[in-house]
Structure formats: structure tokens, C-alpha cells
Amino acid sequence: MVTRLPVIESDGEVGDLSGITASHFKPAAEVLSPSLLKKLGVRGPQALKGRITIHLSRDVLETFQAMGEGWQTRMDAALRDWLKDHPAA
């Protein structure tokens, strides 16, 4: 008979996990809320992008940031769209 060790003890602290095996765990999709699942895998391959420092007009920066999470990705998309009509010389 397998004894189940409590992961959270009565005082709210994490208990001894030495007896826990992988069979005690469930896939994230079964236990996470839909809002957290949506965030899994959101970030793309980071090696394809370069980190820079850029000075932007305050109003431009604040407008993109006001759009919420993902503002940097939207700014990247806006610049890509601009490049379609303004090819490099």
C-alpha cells in the first residue's frame, strides 16, 4: 500500500517531499486555471531577437505600455509593418 505524504502541512509549510514520486504529479493542463494555461509557451524563441537600448518619445512609449502585457511584441510588429513600406536602402 502506498502512503500519501501531505505536500502541505497543517502549518501551511511544504512537507517532506522525499517520498513523493513522479506518479503523484499531474500534467499542468489538468491542474492550472485556463488563464495560467494561456500563458504557457507564450514567449517565442528568444535567440532570434536582440536586446538594445532605445530612446522613444514618452507618448509613444506610454501608448504601447497602456495596451498592457505584450506591448514590446506589439511594438516589434508595428516596426516590422513599417519596414514593409520603407525597405532598407
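**Helices, as the term is used here.** Helices are runs of at least four residues picked out by DSSP and numbered from the N terminus. That's the idea to keep in mind for Asp-76 and Arg-80, which sit 4 residues apart in helix α4 and are therefore separated by about one helical turn. One more thing before we zoom in: what you're looking at is a predicted model.

**View 1. The whole chain, built from helices.** Let's start with the overall picture. The secondary structure adds up to 4 helices and 0 strands. Walk along from the N terminus and you'll meet the elements in the order α-α-α-α. How much of the chain is buried? Of its 89 residues, buried ones make up 6%. The chain's accessible surface is about 8500 Å², and carbon and sulfur atoms account for 58% of that.

**View 2. Where helix α3 crosses helix α4.** Two packed helices are described by the angle between their axes and the distance between the axes. Here, helix α3 covers residues 58–66 and helix α4 covers residues 71–85, and their axes come within 8 Å of each other. At what angle do the two axes cross? It's roughly 120°, which makes α3 oblique to α4. As for handedness, the crossing of α3 and α4 is right-handed.

**View 3. A salt bridge in helix α3.** Side chains of opposite charge can pair when their charged atoms come close. The structure holds 3 salt bridges, and this view shows the one between Arg-58 and Glu-62. The closest N and O atoms of Arg-58 and Glu-62 are 4.0 Å apart. Both residues belong to helix α3, with their positions 4 residues apart, or about one turn of the helix. Are these side chains exposed or partly exposed? Arg-58 has 57% relative accessibility, so it counts as exposed. Glu-62 comes in at 44%, so it counts as partly exposed.

**View 4. Asp-76 meets Arg-80 in helix α4.** Now slide over to helix α4, where Asp-76 and Arg-80 are about one helical turn from each other. Asp-76 forms a salt bridge with Arg-80, and their closest N and O atoms are 3.4 Å apart. Asp-76 counts as partly exposed because its relative accessibility is 32%. Arg-80 has a relative accessible area of 55%, so this residue is exposed.

**View 5. Asp-81 and Lys-84, another pair in helix α4.** Stay on helix α4 and look at the side chains of Asp-81 and Lys-84, which meet in a salt bridge with an N to O distance of 3.9 Å. How far apart are Asp-81 and Lys-84 in the helix? They're 3 residues apart, so about one helical turn separates them. With a relative accessible area of 46%, Asp-81 is partly exposed. Lys-84 reaches 66% relative accessibility, so it counts as exposed.

**View 6. A nonpolar patch on the surface.** Which residues make up this patch? They are Val-7, Ile-8, Val-14 and Leu-17, and together they have about 350 Å² of accessible area. Take Val-7 as one of them: you'll find it in the segment before α1, a helix that spans 28–31. Val-7 has 41% relative accessibility, so it counts as partly exposed.

Technical notes. Residues are numbered from 1 along each chain as its sequence is written. This is a predicted model: local features need pLDDT of at least 70, side-chain atom pairs count only at pLDDT 80 or more; totals for chains, interfaces and linings use all residues. Side-chain values use heavy atoms; hydrogens and water are left out. Patches are made of residues with over 30% relative accessible area and no salt bridge: like charges are joined within 9 Å, nonpolar side chains (Val, Leu, Ile, Met, Phe, Trp, Tyr) within 5 Å. Accessible areas come from the Shrake-Rupley method with a 1.4 Å probe; for residues, only the protein chains shown count as cover. Helices (H or I, at least four residues) and strands (E, at least two) are DSSP runs, numbered from the N terminus. Buried means under 20% relative accessible area, exposed over 50%, partly exposed in between (1.4 Å probe, protein chains only). Axes are lines fitted to C-alpha atoms, for helices over the stretch in contact, and angles run from 0 to 180 degrees between N-to-C directions. Angles under 35 degrees count as roughly parallel, over 145 as roughly antiparallel, 65 to 115 as roughly perpendicular and the rest as oblique. A crossing is left-handed if the near helix is turned anticlockwise from the far one by less than a right angle, and right-handed if clockwise.
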